[in-house]
Amino acid sequence: MSALPRRIIKETQRLMAEPVPGISAVPDEHNARYFHVVVAGPEGSPFDGGVFKLELFLPEEYPMSAPKVRFMTKIYHPNIDKLGRICLDILKDKWSPALQIRTVLLSIQALLSAPNPDDPLANDVAEQWKVNETEAIKTARDWTRLYAMQ
Amino acid sequence: MSLYENNTTNASVHQVHHQNHSPLIDSNYPIFYGELVILGYNGNLPHGEKGRRRSKFILTQRNVPNGVKKSKHYVVKQPQQTKAIQDKGKHSISYTLSRTQAVIVEYTPDNETDMFQIGRSSESPIDFVVIDTVSPDKPVGDTLAQQSTISRFACRILVERNPPYTARIYAAGFDSSRNIFLGEKATKWQHDGEMDGLTTNGILIMHPKTTFCSNGNVIDDIPNSGQKYCLWREVSVCGGIYAIRETRSASEKGDKIDLETNILKDGTLIDLCGATLIWRSAEGLLRSPTKKSLEDMIDDLNAARPQCPVGLNTLVISRKSSTLCEKEKQPYVYLNCGHVQGLHDWGQSKNSNARTCPMCLSVGPVVRLTMGIESSFYVDCSSPTFAFNPCGHMASERTVRFWSSIAIPHGTNGFHAMCPFCGTPVSGKLGFVRLIFQDHVD
C-alpha cells in the first residue's frame with residue numbers, strides 16, 4: 001500500500017483534535033483509510049437518543065473521488081437502505097475534493113434531521129413516509145430504540 | 001547679491017529647491033524627470049535589460065542640455081543639397097512638398113530643454129530602443145512573420161530643465177544626421193506659415209482623465225463605457241494634437257484639438273504602433289507603490305497562509321515574476337469564480353481547458369497566479385487581491401479595473417484592453433477576477 005497522502009493525515013489529525021459535536025470518527029489501527037464512525041441521532045429527530053455506527057472508507061483516489069460511507073446500525077430512513085447504503089448527492093455526482101470527511105459526516109447528520117422521501121433509496125420506507133408520516137416516524141423511533149440504543 | 005548673479009547660479013538653486021520636496025532627489029544624482037515603461041513587461045524584458053533596450057527608461061537631467069528649438073525656415077529645390085541637411089551638427093526637418101520643392105526648418109540648440117528620443121533604431125540618437133511588443137496569446141510562427149510597425153525614429157520628448165520639468169512629446173525623431181525627413185507621401189500641411197506633419201503610422205497619446213495614481217483619493221468616476229475614456233489623440237511632428245485618423249496610416253489628418261496639449265501628464269499613454277508606453281512623472285511616482293511595498297503586500301497575503309482546499313497544503317505567492325515557486329505551493333486561480341487553489345486535475349473536462357471548481361462547481365479555465373510586480377502600472381497602493389483574466393497577473397482592484405477599461409491600439413487596426421504586465425488581451429465579462437483565498441480549511 002502506498003504512503004498515506006498528507007491530506008488524509010491532516011484531516012485525521014484535525015478530526016481527532018477538534019471533533020464535530022455528536023460525531024466521532026476514529027481511524028482503524030490497521031488501516032488508516034478506514035474509519036469507525038459513530039453519529040448521535042440529532043435532537044428533535046426520530047433518531048434522537050440513538051447511537052449509529054457507520055463505516056467510512058477513503059478509496060485510493062480520495063480526495064479526487066468520494067469516501068465510501070455505510071450505516072452499520074440498522075436505521076428506518078427513506079434515504080438509507082437495508083444494507084446501510086446512503087443516498088446523498090455529495091457522495092455521488094456532487095462530490096468535490098473541496099469536501100472533507102468532516103463535511104460528509106455533517107451532511108449525514110443533517111440527513112437524519114431532514115429525511116427526503118422524494119429522493120428515496122429505500123422505496124418502502126419512502127412510501128410509508130409519504131403516505132403516513134406519523135406512522136413512519138413512530139417506526140423510525142422504534143427502530144432507533146431497538147437497534148441504536150445499547 | 002544682484003539679480004544677475006542670482007541667475008547665474010540658477011541650476012544649483014533649483015536642485016536644492018527640488019531636494020526639499022522630493023525624497024527621490026539626491027544632490028549626488030541628476031534630477032529625475034520621470035520614466036517611460038513599455039506595456040506588456042513585468043519589470044524586465046524576457047532576455048534581460050541591456051543598454052538602451054529595456055522595459056523601462058528613466059529620464060534624468062542631462063549633464064549638458066541637448067534640447068533643440070525651431071529657428072528659421074525656407075524653401076529649397078533639392079533638400080539633399082541643402083547646407084542644413086548636409087551639416088551633421090545641425091538639427092533640421094525637411095518637408096518635401098514635391099520633387100522640386102521642400103521646406104527646411106532649422107532647429108537650434110535650446111539650453112532650457114533636454115531631448116530624449118525613442119524608436120526602433122539602435123543608432124546612437126535613440127535613447128530608448130523599443131521593439132514591437134509581442135502579445136503572448138499569439139502563436140510563435142505568427143509573430144515571426146510580422147513586420148515591425150514601429151518607426152526607427154518614432155518620437156522625441158523634450159523636458160524643460162527647470163521645475164516643474166514640463167515634458168512635451170513630438171512625433172518623429174532626428175536621425176544620425178540630425179535630420180527628420182517627411183517625404184512626398186507623408187501627411188503635411190502649412191498653418192500660419194509654419195510647416196507641420198504626421199509620420200506614417202503616427203504617434204498616439206492618451207492623457208489620463210483624472211490623476212493616474214491618486215493613492216487612495218477618489219478616482220472612482222471611471223465610466224463603464226470604455227469608449228468615453230478612450231480618447232486617443234495623434235501628436236504631430238511639431239507637437240500639435242489631432243483627432244486620430246480614420247485608419248492608422250490614412251493620408252488625411254484628423255481634426256485639430258485646440259484644448260489639448262502635447263504636455264505629458266503622469267499616466268499619459270504613448271502608442272508607437274507596435275508598442276505602447278506609459279509616462280510616469282517623478283511626482284506621480286511618489287504616490288505609487290514601490291517594488292518593495294508590493295513585496296511587503298505579497299508577504300502579508302502569504303502570512304495569512306492561504307491553503308489549497310484540495311491538497312490542504314499552504315500556498316505561497318512568489319515575489320518574483322519569473323521564478324517558479326515550488327510546484328506544490330504554486331497558487332492557481334479558477335477564472336470564472338476566483339477561487340485560489342493548488343494545481344490538481346480534478347474536474348478537468350475532456351474536450352477543453354475548462355475545469356470544474358471544487359469550491360463552487362462552476363466551470364472555467366484555470367491559470368497560474370503571477371504577481372504583477374511592475375509597480376509603475378499600479379493606480380493605487382492597495383493589496384493585489386485581483387487578477388487579470390486570462391493571464392493571471394495579480395494587481396489591486398483599481399489597477400485591474402483601470403486597465404480592463406482602457407482600449408489600447410492593437411497593431412495597425414483596432415483597440416483592445418490588455419494586461420499591462422504581459423500584453424495579453426483581457427477576456428471574460430469584466431476582464432479580471434476577485435481572488436478568493438481559503439485559509440484554515442484543515
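# Briefing on a predicted two-chain model

Of the 442 residues in chain B, 52% are buried. The model described here is predicted. Chain B contains eight helices and 28 strands, while chain A has four helices and four strands. The points below begin with chain A and then turn to the strands and sheets of chain B.

**Chain A: elements and overall form**

- Read from the N terminus, the elements of chain A follow the order α-β-β-β-β-α-α-α.
- The radius of gyration of chain A is 16 Å, which agrees with the value near 15 Å that a compact globule of 150 residues would have.
- Along the principal axes, the C-alpha atoms of chain A fill a box of roughly 50 × 35 × 20 Å.

**Chain A: burial, contacts, surface and charge**

- Of the 150 residues in chain A, 46% are buried.
- When contacts in chain A between residues at least 6 apart in sequence are considered, 54% of them join residues at least 24 apart.
- Chain A has an accessible surface of about 7,800 Å², and carbon and sulfur atoms account for 54% of this area.
- Chain A carries 18 positive and 19 negative charges, and the mean positions of these two groups lie 3 Å apart.

**Chain B: contacts and surface**

- Among the contacts in chain B with a separation of 6 or more, 64% are between residues 24 or more positions apart.
- The surface exposed by chain B comes to about 21,000 Å², with 50% supplied by carbon and sulfur atoms.

**Chain B: the sheet of four strands**

- Four strands of chain B form an open sheet in the order E7-E6-E8-E9, and their pairing is mixed.
- The edges of this sheet are strand E7 (128-129) and strand E9 (167-171) of chain B, each of which pairs on one side only.
- Strand E8 of chain B, residues 155-160, pairs with E9(B) in the antiparallel sense over five bridges.
- Within E8(B) and E9(B), B:Arg156 stands opposite B:Tyr170.

**Chain B: strand E13 and its partners**

- In a regular strand, side chains alternate between the two faces of the sheet.
- In strand E13 (residues 203-206) of chain B, B:Ile203 and B:Ile205 point one way, whereas B:Leu204 and B:Met206 point the other way.
- These four residues, B:Ile203, B:Leu204, B:Ile205 and B:Met206, are all buried.
- One partner of E13(B) is strand E14 (residues 233-235) of chain B, which pairs with E13(B) in the antiparallel sense over three bridges.
- B:Ile205 stands opposite B:Arg233, a residue of E14(B).
- Strand E16 (residues 269-271) of chain B also pairs with E13(B) in the antiparallel sense, over three bridges.
- In the pairing with E16(B), B:Met206 stands opposite B:Leu269.

**Chain B: the sheet of three strands**

- Three strands of chain B form an open sheet in the order E19-E18-E22, with antiparallel pairing.
- Strand E19 (340-341) and strand E22 (366-368) of chain B each have a single partner strand, so one side of each has no neighbour in the sheet.
- Strand E18 (residues 332-334) of chain B is joined to E22(B) by three bridges, and the two strands run antiparallel.
- B:Tyr334 stands opposite B:Val366 in E22(B).

How values were computed. Residues are numbered from 1 along each chain as its sequence is written. Chains are lettered from A and ligands numbered from 1 in the order in which they are written. This is a predicted model: local features need pLDDT of at least 70, side-chain atom pairs count only at pLDDT 80 or more; totals for chains, interfaces and linings use all residues. Side-chain values use heavy atoms; hydrogens and water are left out. Two strands pair if DSSP finds at least two bridges between them. The radius of gyration is taken over C-alpha atoms; the globule rule is 2.2 Å times the number of residues to the power 0.38. Buried means under 20% relative accessible area, exposed over 50%, partly exposed in between (1.4 Å probe, protein chains only). Contact means heavy atoms within 4.5 Å. Accessible areas come from the Shrake-Rupley method with a 1.4 Å probe; for residues, only the protein chains shown count as cover. Lys and Arg count as positive and Asp and Glu as negative; His and the chain ends are not counted. The place of a charge is taken as NZ of Lys, CZ of Arg, CG of Asp or CD of Glu.
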